[in-house]
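Colleague: Take me through one part of this model up close, please: the metal site and what sits around it. I'm a first-year student, and I'd like each term explained along the way.

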Amino acid sequence: MRVLAIETSCDETGIAILEGAEKEGVFTFEILGNALLSQAALHAPYGGVFPSLAKREHEKNLPVMLEQACIEAAKNFSEKIVWPEGRSPRRPRGPKDFFSEKFLAALVSQLELDAIVVTHGPGLEPALWTGITFAQKLAKETATPLLGVNHMEGHLLSSLAQKGNSHILENVEITTREIRDVQFPVLGLLISGGHTEFVLMSDWFEYKIIGRTLDDAVGEAFDKVARLLGLPYPGGPEISKLADTARSSSVPALVSLPRPMLKSKNCDMSFSGLKTAALYALRGKTLNDAQKAAFAQEFEDTVGDVFVAKTRKALIETGAKTFVIGGGVAANRYLRERLQTLLLDEFDDVEFRLPELHITGDNAVMIAEAALVHLLREGIPTVDSEDIRAVGNLSLEK
Ligand code: KG4
Ligand code: ZN
């Protein structure tokens, strides 16, 4: 089964073309084409994502990403793709040289897709709509079924997938990923710029949120603290790099930050107090590089302590057999290690699935993979593509 996936929920414009199959409970995904463009540099001066800018950029970039994904897929296809209107695969030269809808439809119809799938929430609604309207036009022009995908389900299911075998087709290496041997219940810790939640997955597509942040998402806290330290947006990777330098030296931290809700009886979390504590701790101070690094380390240690304590609680409470982390913050080297140590030391009967680093941040491959698991298990639904709506606060729970 072949799908084209579109992701525009935040500040990444992603389009991916995947082939998926299911055999004896093993899902295999082949990435035929994958185009991703981050707008992070454009949003950096605002210290976060600026919705109307994101919308404009998605609109501009979607046709370019589509052609790029098709160029890659064309190399990976055994059948030949012909570029419509006698053109050759290339980027447009300027605004007047843009791709017409007919051109894109003629290109996409050669991919022989079973479905087009698009993120319809959660996320920034103006950004989500750009992907949805683009997908709706494409689905109509090519008479292909259209399906809405939950962005968080994309993070969760794609994080369960692992690197599979690669093979060479006409001199091109085809990457394969697969989801196999999933033991339920699965506990997922989804950590991104908009979400921080524990999801219990008792079976395929059966989700219950058993704990969440009561205020800011952890990625937001990383970004805000980075800003206080004068680091660029997105701050997560910057904090991570700095904290690692501090760990290899031994500069003592200037302050000790609070560990919020560590003692509370449930799996909820809170990160806004941490941000405020960082604000007060840094107010009026000029830190040198080593002190900044020590501060970044203290912040990361705090987040690590919270995640370890809450994950321990969630694993005991749910009796989960599999633990998986997903979302942009799941790329964090130190947090991955802390959680790995927890599982090795205290839960050696629980399998820990760590996502490949290229899948943690927002991308369209994860949307394609979540959609493929649905389509391969449930078949292609009869949905009127015009009914798909952007839902900013879309939940995983039914
Ligand atoms: O999942 P994602 O790409 O977008 C959302 O759906 O929000 O997550 C983005 C978040 C940002 O806050 C970014 O700073 C954070 O993930 N992030 C990290 C790291 N890489 C990205 N946070 C901590 N450590 C990292 N290595
Ligand atoms: Zn995300």
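Modeller: Here is the metal site, followed by the pieces of the chain around it and a couple of spots elsewhere.

First, some ground rules. This is a predicted model, where local features need pLDDT of at least 70 and side-chain atom pairs count only at pLDDT 80 or more, while totals for chains, interfaces and linings use all residues. Residues are numbered from 1 along each chain as its sequence is written, chains are lettered from A and ligands numbered from 1 in the order in which they are written, and side-chain values use heavy atoms, with hydrogens and water left out.

Let's start at the zinc ion, ligand 2. Its protein donors are His151 (NE2), His155 (NE2) and Asp362 (OD), and they lie 2.1 to 2.2 Å away. (Donors are N, O and S atoms within 2.8 Å of the metal, or 3.2 Å for Na, K and Ca; water is not among the atoms, so sites may look incomplete.) Along the chain, the donors follow the spacing H-x3-H-x206-D. Histidine 155 belongs to helix H5 (residues 151–160), but aspartate 362 sits in the loop between helix H11 (357–360) and helix H12 (365–378), so this pair ties together parts that are 207 residues apart in sequence. (Helices, H or I with at least four residues, and strands, E with at least two, are DSSP runs numbered from the N terminus.)

Both histidine 155 and aspartate 362 are buried. (Buried means under 20% relative accessible area, exposed over 50%, and partly exposed in between, using a 1.4 Å probe and protein chains only.) For histidine 155 the relative accessible area is 1%, which is why that residue counts as buried. Leaving aside neighbours within four places in sequence, histidine 155 is in contact with Leu190, Gly326, Gly327, Gly328, Thr360, Gly361, Asp362 and Met366. (Contact means heavy atoms within 4.5 Å.)

Now look at H5 as a whole. Ten of its ten residues are buried; among them are the zinc donors His151 and His155, along with Met152, Glu153 and Gly154. At the N-terminal end of H5, asparagine 150 acts as a cap, with a side-chain oxygen 2.7 Å from the backbone nitrogen of methionine 152.

What surrounds ligand 1, and which residues are closest? There are 19 residues around ligand 1, and the closest are Gly193, Asp223, Gly328, Asn332 and Asp362. (A residue is near a molecule if one of its heavy atoms lies within 4 Å of it.) H5, helix H6 (218–228) and helix H7 (235–248) each supply at least two residues of that shell. Our histidine 155 turns up again here: an N or O atom in its side chain is 3.3 Å from an oxygen atom of ligand 1. Oxygen atoms of ligand 1 also have backbone partners, with glycine 193 at 2.8 Å and glycine 236 at 3.0 Å. The protein covers 86% of the 560 Å² of accessible area that ligand 1 has on its own. (Accessible areas come from the Shrake-Rupley method with a 1.4 Å probe.)

One contact of histidine 155, Leu190, takes us to strand S9 (residues 186–191), where six of six residues are buried. In a regular strand the side chains alternate between the two faces of the sheet. In S9, Val186, Gly188 and Leu190 point one way, and Leu187, Leu189 and Ile191 the other. S9 pairs with strand S10 (residues 196–203) in the antiparallel sense over six bridges, and the two form a hairpin with four residues between them. (Two strands pair if DSSP finds at least two bridges between them.) Within that pairing, leucine 189 has phenylalanine 198 as its bridge partner. Strand S12 (residues 322–326) runs parallel to S9 and is joined to it by five bridges, with valine 324 as the partner of glycine 188.

Finally, two spots elsewhere. Aspartate 11, in the loop between strand S1 (2–7) and strand S2 (12–23), counts as buried because its relative accessibility is 5%. Its contacts include His58 and Tyr233, and its side chain makes a polar contact with the side chain of tyrosine 233 at 3.4 Å. (A polar contact is a pair of N or O atoms within 3.5 Å; within protein, one must be able to donate a hydrogen and the other to accept it, and residues adjacent in sequence count only if both atoms are side-chain atoms.) His58 is also touched by threonine 130, which lies in helix H4 (residues 125–142). The side chain of threonine 130 reaches the backbone oxygen of alanine 127 at 2.6 Å.
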